[in-house]
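Here's a quick walk through a structure, with the ligand shells up front and the overall fold at the end. Have the viewer open and follow along.

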Amino acid sequence: MAIAVGPDLTFSDTVRERSGEDIHGCFYCQKCTIGCPTAYVMDYKPAQLLRLIQMGQKDRVLGSSAIWLCVGCETCGTRCPNRIRLAPVMDTLRHMALEEKYVPEPAVYALHRSFLDSIRLWGRVHELSLIMEHKARCLLAEPPLFFRGLISDLMMGGDLILKGKISFLPERIKRLGEVKRLYEEATRFRRAQDAPLQPEVER
Ligand code: SF4
Ligand code: SF4
């Protein structure tokens, strides 16, 4: 991958400080990418994303779909010889992208929101309701997105239901209250961060 040095050379330091992960320690062995379950749909693979951060390519990183497709499984952190965890890095990048008004691709952002809602409601992913919410969000955001891949989605969904891989009814985990508290804390944290911006926004 040929990369030009980007204009924002403070970017990697900011990501390192906010995520707590040693971005500069990455030597591009790509073990994280090989183990990542969603790398195949990312525009930049996890190791590529870290290299882009090191090179100050802020626009490409914050505008990428990859940051919205990480599911926070922590596989990369367990494989990395330098113990670099991509999950907190991706969290940081998503926050920065929203703060700086980078607009994610609607279908990818809809999937991200649907995933979070499923975890908040059930404590785990319930595939059927996640897919339905994702389709509804796509329809509201950009109607043609609803129809993109609809036939293949229906066929694959039907196949998985017949094989018993997807259940019709969601199942809540036992300690759902703890998950909900995490969401409440995250909401409070975000509001506290947004608060200093309010007067400027109102002016
Ligand atoms: S496994 Fe670690 S060192 Fe290797 S590319 Fe990924 S983040 Fe970098
Ligand atoms: S935490 Fe994100 S980047 Fe790391 S392996 Fe899981 S999905 Fe991939």
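## Around ligand 1

Ligand 1 has 14 residues around it, and the closest are Cys26, Cys29, Cys32, Ala47 and Cys80. Being near here means having a C-beta atom, placed from the backbone, within 6 Å of the molecule. Helix 2 and helix 3 (46-54) are the elements that give two or more residues to this shell. Helices, by the way, are DSSP runs of H or I with at least four residues, and strands are runs of E with at least two, numbered from the N terminus. By class, the shell around ligand 1 holds 10 nonpolar, two polar and two charged residues. For that split, Ala, Val, Leu, Ile, Met, Phe, Trp, Tyr, Cys and Pro count as nonpolar, Asp, Glu, Lys and Arg as charged, and the others, Gly among them, as polar.

A word on what you're looking at: this is a predicted model, where local features need pLDDT of at least 70, side-chain atom pairs count only at pLDDT 80 or more, and totals for chains, interfaces and linings use all residues. Residues are numbered from 1 along each chain as its sequence is written, while chains are lettered from A and ligands numbered from 1 in the order in which they are written.

## Around ligand 2

For ligand 2 the shell has 15 residues, with Cys36, Cys70, Cys73, Cys76 and Leu86 coming nearest. Helix 6 (75-79) and helix 7 (86-99) each put in at least two residues, and helix 7 has the largest share, three residues. The class split for ligand 2 is 10 nonpolar, four polar and one charged.

## Loop residues to check

Most residues other than glycine have a negative phi. Tyr28 goes the other way, with a positive phi near 65°, and so does Gln30, near 75°. Tyr28 sits in the loop between helix 1 (11-19) and helix 2 (31-35), and Gln30 is in the loop between helix 1 and helix 2 too. Tyr28 has 13 other C-beta atoms within 10 Å and Gln30 has 18; a residue is buried with 20 or more, exposed with 12 or fewer and partly exposed in between, C-beta atoms being placed from the backbone, so both are partly exposed.

Pro37 is in the loop between helix 2 and helix 3. Pro37 is exposed, because just 11 other C-beta atoms lie within 10 Å. Leaving out residues up to four places away in sequence, Pro37 touches Cys73 and Thr75, a contact being C-beta atoms, placed from the backbone, within 7 Å.

## Helix 1

Which residues of helix 1 are buried? They are Phe11, Ser12, Val15 and Ser19. These residues are on the same side of helix 1, because they cover an arc of only 95° around the axis, taken from the directions from the helix axis to the C-beta atoms. They pack against helix 3, helix 4 (58-62) and helix 7. Right after helix 1 comes Gly20, with a positive phi near 80°.

## The whole chain

The chain has 13 helices and zero strands. Its radius of gyration is 19 Å, close to the 17 Å that the globule rule gives for 203 residues, so the chain is as compact as a globular protein of that length. That radius is taken over C-alpha atoms, and the rule is 2.2 Å times the number of residues to the power 0.38.

Buried residues make up 26% of the 203. An automatic or database assignment divides the chain into domain 1 (11-99) and domain 2 (108-180), with C-alpha centres 25 Å apart.

How values were computed: Contact = placed C-beta atoms within 7 Å.
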